[in-house]
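Reader: I am new to this structure and should be grateful for a close look at a single residue. Please choose one, describe its setting, and then place that setting within the whole.

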Amino acid sequence: MNFKMLTLSSMFLLVSCTTITQKEANTNPSIDHLKQKEVIPFIGNFSVNRFTLANGLRLLVVEDHSSPTLAYQTWFKVGSRDEVPGRTGLAHLFEHMMFKGTKNMKDGEFDRALEGAGAQGENAFTSRDYTAYIQEMPKDKLELIAKLEADRMVNLVINPASFKTEREVVQNERRFRTENSPDGLIYQELFGLAFQKHPYHWPVIGYQKDLENMSHKNALDFYQAYYSPNHATVVVVGDVKADEVLKTIQSHYGKLEPQETPEHSISSETAQKSPRKKELKLNIQVDKLMIGYHVPGLTHQDIPKLAVFQSILTGGKSSRLNQALVETGIATSVDAYDPDDKDPTLMIIAANLQKGKKVYEAESAILRELSKLTQETVSQAELDRAKNKINFGFYEGLESNYQKAHFLGHYEATAGDLAEGIRQQKKILDVSAANIQDIAKRYFNPNHRTVITGVKK
Amino acid sequence: MRIQGKTSRLSSFYPALFLISGLLSSATSHAYEVEFEKDKSVPIVYINVAIKGGSVTDPRGQGGLTNFMGEMLLRGTQSKTKEQIDLALDQMGARLDVEIRAEAMIFRGAVLSSQLDPYLKLLNEILTQPSFTDVEIKKLKSEMISTLQEELGHDSSLASRRFSQFLFRGHPYGNPVLGNTQDIEQLSKDQIIAHYRRLVQDKLILVIGTGDASEGKISSWSKELAAMRPNVELSAEESKLLEKVSAPKNAKSKRLLIIDKPDRTQTQINVGQIGIRMTDSDYFPLYLGNYAFGGPSFSSTLMVEIRVKRGWSYGANSSFRFGLQPRSWHLHLFPSAKDTASALGESLKLVRELKEKGISQEQFEFAQRSLANSSGFMYNTPRKRVENKLLERTLDLPDGFMKSYGPKVSKLQRDQVNNALKEFLKPDELSMTVLGTAKNLQTALAKAAGIPVEEVEVRPYTQQ
């Protein structure tokens, strides 16, 4: 390949084929920027200042003066659930494009401006329900980051040549996360089999064929549909003063116009009536197992109970599944993942088997333990253990500015209200042994499970 | 098991940065060193017990012994079974794991502050009264061997491990921390006990922590611990195991190993050479030079040339690994199979250009500004300060080394950086490994690497 020619070609396309979005800032200086202000208790002595600007932008600010830094995160309420068949992976691929040029900055300048200013962890991630852009900055760089983030919210330039190159990067990311990863392949198949109608059916990163067929025009349409202040929450945690942050945010975002939320109907999943199973033959030396059970979305009242249930299953080495699988020599590890998706999703139990062990042994042991939980109530000591584990994880997960911002952004974007996260944590304490038995009966019926096994090719 | 719930622009750990340490040092009646920083921001206490001896102390034929012994400590004491220990830790809402590095073993503990007293009592018992029962040895062997088998499914970590072995050519820095199947199968109880006796002794132990507890409490607990693990006399042979390893050397010419794995649509490329010590005079110039070339930045040469311009790889970076002796400098990328030879060829060209031309003034100024402005993130939280202290103590770095980055980087001149790069880089002595499907790659890779195809080594990915 002639690298020089490729570079020249890219530059030509940048100049000649640049597409600029049509979103423009409202230049009316009399606009009332602030619609609402609330103060919500958080953890310890921390509280969250929540502001809603007139254009719908949410701003969350937590003052933490322990170091002269801040975390700045922008959460958009859009993820792979907003895609349609044939365009899977668009939300994530578009996320990559957000680091390209704008009307005011050339390609690559965004990264250089932030990195030169001392940014840490500049990155982004896309999930089924949201997309987030994250950085940590020295405290005196708030103005800079607010200016750059507001700029790319409305002024992004989607160039066909850079889109094509970035699409290749994402295809490589897919090869890394899925095609050449046994766990990634199993995970993709699990959701693909458990969901038949709902967009959780397809992987966040999309299918290779859909990525191949995607154009810069698709990305542009996506941007115009979902990237606007009324779809976003800005979270700032660190050595700042809330009112000063508000002033900065107002000056950069206050004049941006809100956009209509696109009409997008999402099909509900029909209840699963019988087990679904699939075996994958892979380049692995020990077998793997993943089981999914349908559970409700993030704001459902059963979520705190499911969190305790998960902790009883795999929270710590004394947990039930660790005892039943690892201590007995069936598996080297077993984990369960409590759900945090907006819509009804899966609780996943995953095990890596020991050499020579077969997946049916692990699956039988898991079903046995789940069955026991439908027939007997857990002891108070076991319940306390599970809650202690959750309590520990909750505090440990909120130590840094980044972690606090992530918690708040996640609940605001997924549940619509950060307070939901705090409420759910408090409800953990109320979960009883009877609740656990009830959860086991209602959600862990073996007929409702989806099972993917990975065996040696 | 790694779960892909969300997908990010770039998976990468950014070692980060600010602040003035509140770490307090105190000498106990024994040689234990204790450092604890009080932090009441969340009701958790972190306690790290580090032992200055890691996987390089594994005797020949006993690969993985340090890791095995460390894991065994968590599996029973004279008065408690593994089950009782696990139950007690979970009841407290606590965590205790062991991490093995080349030159350190670290017991990483964390507990809700309300449970600190029973936790410290249990930790003391775990470290000083292990039982090493036959039942647990047998169980752990089975788990470790299966874990090694399971790792064969993870291309990135497998490629990294194989690269390390290939680069170091028998030097202890190439020893896999987990060992290998054959050695683990043959480990005996006596070998485990002997290793415990020589490693877990007063003079090799540090206690470093942070959290919602008083320094006094941690200090007095450490004194008790010290009293129970006095220094021991070692034979000459045992003492030799604990000596600092010799400095590794590069091979005399370029070498290429293909780790052959079927059905790969993507490869894992690692290219590198022997590195430097953090205390070497060229460390900071090379630290800056590496940042400009392939550091954790979307503006680095590798990222721009490999990812941004050509879309060849999701990640493209270069980094150092450090030890008491020089360890490695290497670059890592993971292109699609079809672009592998081109990506390798381009990477080698970039390394040669880096040696010959150095970095431009613009690259230098950008890297210097970025590193200086972000240097505070290296110590802006209590946990980072604890990690820094662990690094300083286990790698014999001067006190406050990790806080010196900002001022030191700010004083550098471009000539220093480019002279250091010219001296350091050895493009003709690079070790290269590519994990991929060999039949599709061997000829093209040999050409890209400038090595006769018959000199390219090919090994099945299952061969340890």
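Author: Helices are DSSP runs of H or I with at least four residues, strands are DSSP runs of E with at least two, and both are numbered from the N terminus. The model is a predicted one, in which local features need pLDDT of at least 70, side-chain atom pairs count only at pLDDT 80 or more, and totals for chains, interfaces and linings use all residues. Residues are numbered from 1 along each chain as its sequence is written, chains are lettered from A and ligands numbered from 1 in the order in which they are written, and side-chain values use heavy atoms, with hydrogens and water left out.

The residue chosen is B:Gln149, which belongs to helix 4 (residues 134-151) of chain B. Its relative accessible area is 12%, so B:Gln149 is buried (under 20% relative accessible area; over 50% is exposed and anything in between partly exposed, with a 1.4 Å probe and protein chains only). Contact means heavy atoms within 4.5 Å. Neighbours within four places in sequence aside, B:Gln149 is in contact with A:Gln285, A:Val286 and A:Lys355 of chain A, and with B:Thr181 and B:Gln464 of chain B. B:Asn180 stands 31 residues from B:Gln149 along the chain, and their C-alpha atoms are 9.8 Å apart.

The contacts with chain A lead to the interface. There, 86 residues of chain A are in contact with 83 residues of chain B. The two chains bury about 7500 Å² between them, and 52% of this lies on carbon and sulfur atoms; such buried area is the accessible area (1.4 Å probe) that two parts lose on being put together, summed over both. A:Asn180, A:Asn283 and A:Phe392 supply 9% of what chain A buries against chain B, more than any other three residues.

Chain A itself has 16 helices and 12 strands. Its radius of gyration is 24 Å, close to the 23 Å that the globule rule gives for 457 residues, so chain A is as compact as a globular protein of that length; the radius is taken over C-alpha atoms, and the rule is 2.2 Å times the number of residues to the power 0.38. Of these 457 residues, 62% are buried. Helix 2 (residues 90-97) of chain A has 8 of its 8 residues buried, so it is largely enclosed by the rest of the structure; among them are A:Leu90, A:Phe94 and A:Met97.
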